[in-house]
Amino acid sequence: MTKSSTQTIPEATDTPQHVVMIMDGNGRWATDRFLPRTAGHVRGVQSVRRVVEACGRKGVRYLTLFAFSSENWRRPQEEVSLLMRLFVQTLEKEVDKLEEQGVRLRVVGDLSAFEPRLQELIKAAEKRTEHNNTLHLTIAANYGGRWDILQATRQALRDLPELAAHPENFTESILAERLSMAWAPEPDLFIRTGGEQRISNFLIWQLAYTEMYFTSVYWPDFDANALEEAFAWYRGRERRFGRTSAQLAEKQS
Ligand code: IPE
Ligand code: IPE
Ligand code: MG
């Protein structure tokens, strides 16, 4: 069980241990070039590769990428199908490379909505890389923060039916242990590309004390330099977790 930012004070390091990203702006990147939106998604896969490599080099331990939200089914059917095909193709093509790089791949979200072939590919890729420990790469697919909190609550009530009669015994950790990324520390740095400044139902529970970075760079243009800018910004943050600046200065002296 990893530490909770609201129950203990996590150690803040210069390099964020856990980085989470909303990869946004693929559609606008393509539209600006008079291309179909889907061309932006295809191009976006190159950014994923670049960012995984760069995070590995920088010593990030956990990288979590939002690939498809539980609300993205609302998009035109053509675009949803392309995204699913791209997911399958990328898994087929990239797993060998991830394996070589020592990357452990996991996919979180309600995977039951995906076609069986994609579900099998996901399972196989997770199995294939499960012994790796250099970088923990998680793809959030058909993921929603509200879905996650709900599924964790349901699971807790299933595991501990006595809680219904004694709700005062329902603790933060009972819930947190059942969230779909319970094995990862809470995110240190959140990055959203594409200019929007919102969470769009990503890891709403886990982002309680995460530093939030927004850039107008579209995801297909996001590269190692853009990542370094985000990291430099992160190094300049004072992570207080509820305390005062003076208390932090005292601790360091
Ligand atoms: C993010 O880019 C990719 C997914 C949501 C799958 P968008 O497709 O949302 O791109 P914009 O925001 O329309 O430019
Ligand atoms: C968030 O982007 C989801 C992913 C990047 C996977 P959206 O483009 O779907 O978010 P909204 O609709 O602009 O909030
Ligand atoms: Mg978008």
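Which backbone N or O atom lies 2.9 Å from an oxygen atom of ligand 1? That atom belongs to G27. Good morning, colleagues; I shall begin with the ligands and then turn to the strands, the pockets and the cavity.

A word first on conventions. The model is predicted, so that local features need pLDDT of at least 70 and side-chain atom pairs count only at pLDDT 80 or more, while totals for chains, interfaces and linings use all residues. Residues are numbered from 1 along each chain as its sequence is written, chains are lettered from A and ligands numbered from 1 in the order in which they are written, and side-chain values use heavy atoms, with hydrogens and water left out.

Ligand 1 is surrounded by 13 residues, and the closest are D24, G27, R28, R37 and R75. A residue is near a molecule or strand if one of its heavy atoms lies within 4 Å of it. Besides G27, a polar backbone atom of G25 is 3.4 Å from an oxygen atom of ligand 1. The side chain of R75 has an N or O atom 2.7 Å from an oxygen atom of this ligand. These are polar contacts, that is, pairs of N or O atoms within 3.5 Å; within protein, one atom must be able to donate a hydrogen and the other to accept it, and residues adjacent in sequence count only if both atoms are side-chain atoms.

Around ligand 2 we find I22, M23, D24, F66, A67, F68, S69, N72, R75, R192, R198 and S200. Three side chains deserve mention here. An N or O atom in the side chain of R198 is 2.8 Å from an oxygen atom of ligand 2. For the side chain of D24 the corresponding distance is 3.2 Å, and for that of R192 it is 3.3 Å.

Let me now place some of these residues in the strands. Helices (H or I, at least four residues) and strands (E, at least two) are DSSP runs, numbered from the N terminus. Two strands pair if DSSP finds at least two bridges between them. Strand 1, residues 18-22, runs parallel to strand 2, residues 62-69, and 5 bridges join them. Within that pairing, M21 has L65 as its bridge partner. Strand 1 also pairs in the parallel sense with strand 5, residues 189-192, over 4 bridges. There, I22 stands opposite R192, and both residues are among those around ligand 2.

How are the side chains of strand 1 arranged? H18, V20 and I22 point one way, V19 and M21 the other way, and all are buried. Buried means under 20% relative accessible area, exposed over 50%, and partly exposed in between, with a 1.4 Å probe and protein chains only.

Strand 4 is likewise mostly covered, with 9 of its 9 residues buried. Strand 4 pairs in the parallel sense with strand 2 over 7 bridges, where F66 stands opposite A140. With strand 3, residues 103-108, strand 4 forms a parallel pairing of 6 bridges, in which V107 stands opposite I139.

I come to the open and enclosed spaces. Rolling a probe the size of a water molecule over the atoms shows where empty space is left. On a 1 Å grid over the protein atoms alone, a cavity is a set of points where a 1.4 Å probe fits but cannot get out, and a pocket is an open set with protein on both sides within 12 Å along at least five of seven lines; lining residues have an atom within 4 Å of a point. Grid points are joined across faces, edges and corners, and a volume is the space filled by probe spheres set on the points.

The largest pocket has a volume of about 1,100 Å³. It is lined by 42 residues, of which M23, N26, F66, A67 and F68 are the closest to its centre. Helix 3 gives the largest share of this lining, 9 residues.

The second largest pocket has a volume of about 360 Å³. Its lining has 17 residues, and A12, R237, R239, L248 and Q252 are the closest to its centre. Helix 8 supplies the largest share, 4 residues.

Finally, the structure holds 1 cavity of 30 Å³ or more, with a volume of about 160 Å³. Among its 16 lining residues, T2, M181, A184, E186 and Q206 lie nearest the centre. Thank you for your attention.
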